[in-house]
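Notebook open, coffee poured. I'm going through the contacts one at a time and jotting down what I find.

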2 protein chains.
Amino acid sequence: MLHNRVKELRARFGFTQGDLGERVGVTRQTISFIEKGDFSPSVSLALKIAREFEIKVDELFWLEGDRKT
Amino acid sequence: MLHNRVKELRARFGFTQGDLGERVGVTRQTISFIEKGDFSPSVSLALKIAREFEIKVDELFWLEGDRKT
DNA sequence: ACTAAATGTAATGTATACTTAACATAATGT
DNA sequence: ACATTATGTTAAGTATACATTACATTTAGT
């Protein structure tokens, strides 16, 4: 199971799902699915999203029971 | 375009493609495809591979023209 | 109350990640 | 020379990421 902080960071940056999708080249539905944890995006997309938030992929996405802290 | 250091690190750890695949739950062909850059794995798989090598996803995979140094 | 923007969600379609099976080749050990 | 192991690669199938369209609900602004 994969977890993420996309929704939290998107809110912090004041982006809508549509904004973020546009910036990283996917639709708002794709962002919505990712936030819901419905699927595991490609590492390319994960890198693009992490880049928008200026953090590392490992700080945005983590595997169940694998949290840093 | 996505680049990675999987082959280099796998060699450093003395794993065969089969060894690594088994550890992260995919076939050796999948590891082979990833090393060749044929596709962008899911972030779940990227996290598992990075964990094996004890490095961050961002140090294993990067987008064209996005290299840290 | 009305409108517009943002989100949730569902259906269907396409692209691509990943599997399975197979065959070829190179390298190593006996 | 033979067997074994690792890798390259290809073809065909399955699973899933992601797009597109559409509609309902919520929230903020007037």
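I started at a phosphate: a phosphate oxygen of DNA strand D is 2.6 Å from an N or O atom in the side chain of Gln17(B). I'm counting a polar contact as a pair of N or O atoms within 3.5 Å; within protein, one must be able to donate a hydrogen and the other to accept it, and residues adjacent in sequence count only if both atoms are side-chain atoms.

Before going on, some bookkeeping. This is a predicted model, where local features need pLDDT of at least 70, side-chain atom pairs count only at pLDDT 80 or more, and totals for chains, interfaces and linings use all residues. Residues are numbered from 1 along each chain as its sequence is written, chains are lettered from A and ligands numbered from 1 in the order in which they are written, and side-chain values use heavy atoms, with hydrogens and water left out.

**Strand D**

I looked up two more phosphate contacts. The side chain of Thr30(A) has an N or O atom 2.2 Å from a phosphate oxygen of DNA strand D. For Thr27(A), a polar backbone atom sits 3.1 Å from a phosphate oxygen of that strand.

I then listed the surroundings: 20 residues surround DNA strand D, and Gln17(B) and Thr30(A) are among the closest. Near here means a heavy atom of the residue within 4 Å of the strand. Helix 3 of chain B gives the largest share of this surface, five residues. Helices are DSSP runs (H or I, at least four residues; strands are E, at least two), numbered from the N terminus.

**Strand C**

For DNA strand C I get 19 surrounding residues, with Arg10(A) and Phe39(B) among the closest. The side chain of Arg10(A) puts an N or O atom 2.8 Å from a phosphate oxygen of DNA strand C.

Which base atom of DNA strand C is 3.0 Å from the side chain of Gln29(B)? A base nitrogen, paired with an N or O atom of Gln29(B). Arg28(B) also has a polar side-chain atom 3.5 Å from a base nitrogen of DNA strand C.

Of the atoms of DNA strand C within 4 Å of the protein, 63% belong to sugar or phosphate, the rest to bases. Helix 3 of chain A brings the largest share of the surface near DNA strand C, four residues.

**The two copies**

I superposed the chains by least squares on C-alpha atoms of residues with pLDDT of at least 70 in both. Chain B lands on chain A with an RMSD of 0.0 Å, after a turn of 180° and a shift of 0.0 Å along the axis. The two copies are therefore related as by a two-fold rotation axis.
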